[in-house]
Amino acid sequence: MALNAPGECDRYDATMDSALATGLFALGGVIVGAVTTTGGQVFLDSRRERSQANRAKRLVAGELLQAQLILRSIAETKTWPPFDDVDAYLPTKGWQEYRSRLVDTLDQDLFDHLVMAYAQLEIDRIRFSMFAKRVPPDDQMTIPEALGVWHSFYELGRLRRRLDAGGSGWIDEMENPVR
């Protein structure tokens, strides 16, 4: 075993301490970088998902608004509309496209009400298609039929406002326009 010259051992310890400190700082930087990158990505992903869910809500609410306006007009005129293209008047494409995104973001009760509302819209679409194909056309509604359409219009408005979290409505939604 060789003897170190005086002061040589101290130089080795200082060099070793410096290398160890540099290594620890580098390791700390890698850990901080990894945590920051992962945390940032998680934040951006959750923000993107929330934005997409809000977009889906707005699109479905807009579709419900369109159906609500059509049903309101039908209830007020008490006539069956001669729809050639029921998709243009009572669309359901937004619901079909975005319901898988909404199932994770809406509470179960609201989602169930949306499912039931869209099932009723599908029934209305079939009914309107059948009345459009009648020969000769009999477009006058009975009062119970008009009240049923008005009820659908009213319920769609309530559901749309729940989905839109405070979306606007009309004063006359509280009144029954069918007389």
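Let me start with one pair of side chains: E76 forms a salt bridge with R72, and their closest N and O atoms are 3.3 Å apart. Before I go on, please keep in mind that this is a predicted model.

Why can these two find each other? E76 and R72 are 4 residues apart in helix α1, so about one helical turn separates them. Side chains of opposite charge can pair when their charged atoms come close. Now, are the two partners buried or exposed? E76 counts as partly exposed, because its relative accessibility is 39% and the partly exposed range runs from 20% to 50%. R72, at 19%, counts as buried, because the cut-off for buried is under 20%.

Let me step back and show you the whole protein. How many helices and how many strands are there? The protein has 5 helices and 0 strands. If you read along the sequence, the pattern is α-α-α-α-α. There are 179 residues, and 28% of them count as buried. On the outside, the protein exposes about 11,800 Å², with carbon and sulfur atoms supplying 59% of that area.

How confident is the predictor? The mean pLDDT of the protein is 79, and 79% of the residues reach 70 or more. Which element has the lowest mean, and which the highest? Among the elements, α1 has the lowest mean pLDDT, at 80, while α3 has the highest, at 91. As a general caution, where pLDDT is low, the predicted coordinates should not be read in detail.

Now let's go inside. In soluble globular proteins, nonpolar side chains tend to be buried together. Here, the largest nonpolar core has 33 residues, and V60, L64, L114, L121 and L163 are those with the most contacts inside it. Which helices supply at least two residues each? They are α1 (8–77), α3 (93–105), α4 (108–132) and α5 (143–163).

Pick L64 and look around it on your screen. Leaving aside neighbours within four places in sequence, L64 is in contact with L114, Y118, L121, L156, L159, R160 and L163. Notice that L114, L121 and L163 are names you just heard in the list of core residues with the most contacts. The whole protein has plenty of links like these: among its contacts with a separation of 6 or more, 77% are between residues 24 or more positions apart.

Back to the charges. How many salt bridges does a search of the whole structure find? The search finds 6. One of them brings together the side chains of D109 and R162, at 3.1 Å from N to O. D109 lies in helix α4 and R162 in helix α5, so this pair ties together parts that are 53 residues apart in sequence. Both ends are partly exposed: D109 has a relative accessibility of 42%, and R162 has one of 38%.

Another salt bridge joins the side chains of E155 and R158, at 3.3 Å from N to O. Here both residues lie in helix α5, 3 residues apart, or about one turn of the helix. E155 is partly exposed at 29% relative accessible area, and R158 is partly exposed at 41%. There is also a network of salt bridges, which links D87, E122 and R125.

Let's move to the surface. L20, L24, L27, I31 and V35 form a nonpolar patch there, with about 500 Å² of accessible area together. Take L20 as one of its members. L20 lies in helix α1, and L20 is exposed because its relative accessible area is 54%, where exposed means over 50%.

Finally, two places in the loops. Where is K133? K133 is in the loop between α4 and α5, and with a relative accessible area of 68% it is exposed. K133 and F83 are 50 residues apart in sequence, while their C-alpha atoms are 8.8 Å apart in space.

The other place is K78, in the loop between α1 and α2 (86–89). Most residues other than glycine have a negative phi. K78 has a phi near 55°, a positive value in a residue other than glycine. That is my tour, and I'm happy to take questions!

Technical notes. Residues numbered from 1 in each chain as written. Heavy atoms only, no water. Core = buried A, V, L, I, M, F, W, Y, C linked by side-chain atoms within 4.5 Å. Buried < 20%, exposed > 50% of the residue type's maximum accessible area, 1.4 Å probe, protein only. Contact = heavy atoms within 4.5 Å. pLDDT = per-residue confidence, 0-100. Patch = residues over 30% accessible without salt bridge, like charges linked within 9 Å, V, L, I, M, F, W, Y side chains within 5 Å. Areas by Shrake-Rupley, 256 points an atom, 1.4 Å probe, with all protein chains shown as cover. Salt bridge = Lys/Arg side-chain N within 4 Å of Asp/Glu carboxyl O.
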